[in-house]
Amino acid sequence: MAKLLKGADVVSALGEKMKSDVENLKQKGVSPTLATLRVGERADDISYEKSAIKRCDSVGVAVKSVVFPEDVSQAELLKCVHELNDNNEIHGVLMFRPLPKHICEDTLRNALSPEKDIDGITDGSLAGVFAGNSNGFAPCTAQACIEILDFYGIDCTGKKAVVIGRSLVVGKPVAIMLMGKNATVTVCHTRTVDIPSIARDADILIIAAGRAESITKEFLSSNQVVIDVGINWNDEKGKLVGDVKFDEAEPIVGAITPVPGGVGTVTTSVLVSNVVTAAKNLRNGH
């Protein structure tokens, strides 16, 4: 029976710290504020926006929602981003993507100041992650993986860590962050030969493959810590499932994050925590 690395306990701990930090900032005349920038009415964007607002409300962070129609011009969006950058009462910006096809996403995301890029989408933020400095923020999902490891006291020093997936949202940044915690890291991807044997050799296995229940018992061994980043809808089962086949993994591994209730739960809290950190940085002149 694997230990369940539940996100709710991590969220609770992060929430208590955020409430304290927000209270301290408000006493100094600073009200941490998130701006959400959404184009159109995509259901998944609206759902995430609602969950972010709810989490902000729970710790006292204010939210300013900016919504544009689907046919908004690139010039209008760029003007908005520059205004948000220049507004000292906005501490973090969450830009929903993908953007409509007539908008150059690279131009727009890189117009955002790394100091306000609380979701780690700019090249400047990613450069900070890869250089190991505090410029900008890491992508929230990658940071959520690290928060879970830290909360549950899982020491990465000297451990073999395997990351399955090489996206800029999770795979690449989390691999760098694991190296920063002194793990020895292997990154697997679609062209990797014999992933199961590499995965079985891992002490810590982080899966961000984006394929429902693709990680079966052949990839796993006893005492492993498994962080399942995947969130996939399974029509047959009528529920959300991870990239890991949980029923096969749970009897084998030492610890595992559930889906739902694992990494996804923590990601929104990391986003809000980054807003609070950005507010502290601005007040301290960083």
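Colleague: Is Cys-156 buried or exposed?

Modeller: This is a predicted model, in which local features need pLDDT of at least 70, side-chain atom pairs count only at pLDDT 80 or more, and totals for chains, interfaces and linings use all residues. Residues are numbered from 1 along each chain as its sequence is written, and side-chain values use heavy atoms, with hydrogens and water left out. Buried means under 20% relative accessible area, exposed over 50% and partly exposed in between, with a 1.4 Å probe and protein chains only. Cys-156 has a relative accessible area of 2%, so the residue is buried.

Colleague: Why is the sulfur of Cys-156 not in a bond with the closest cysteine sulfur, and how many disulfides does the whole structure hold?

Modeller: A disulfide is a pair of cysteine sulfur atoms within 2.5 Å. The closest cysteine sulfur to that of Cys-156 lies in Cys-145, 11 Å away, which is too far for a bond. Cys-145, buried at 0% relative accessibility, is likewise in no disulfide. The search of the whole structure gives a count of zero.

Colleague: Which orientation do H1 and H10 have to each other?

Modeller: Helices are DSSP runs of H or I with at least four residues, numbered from the N terminus. Axes are lines fitted to C-alpha atoms over the stretch in contact, and angles run from 0 to 180 degrees between N-to-C directions. Helix H1 (residues 7-27) packs on helix H10 (residues 263-283) at about 20°, with the axes 10 Å apart. Angles under 35 degrees count as roughly parallel, over 145 as roughly antiparallel, 65 to 115 as roughly perpendicular and the rest as oblique, so H1 and H10 are roughly parallel.

Note on methods: Helices (H or I, at least four residues) and strands (E, at least two) are DSSP runs, numbered from the N terminus.
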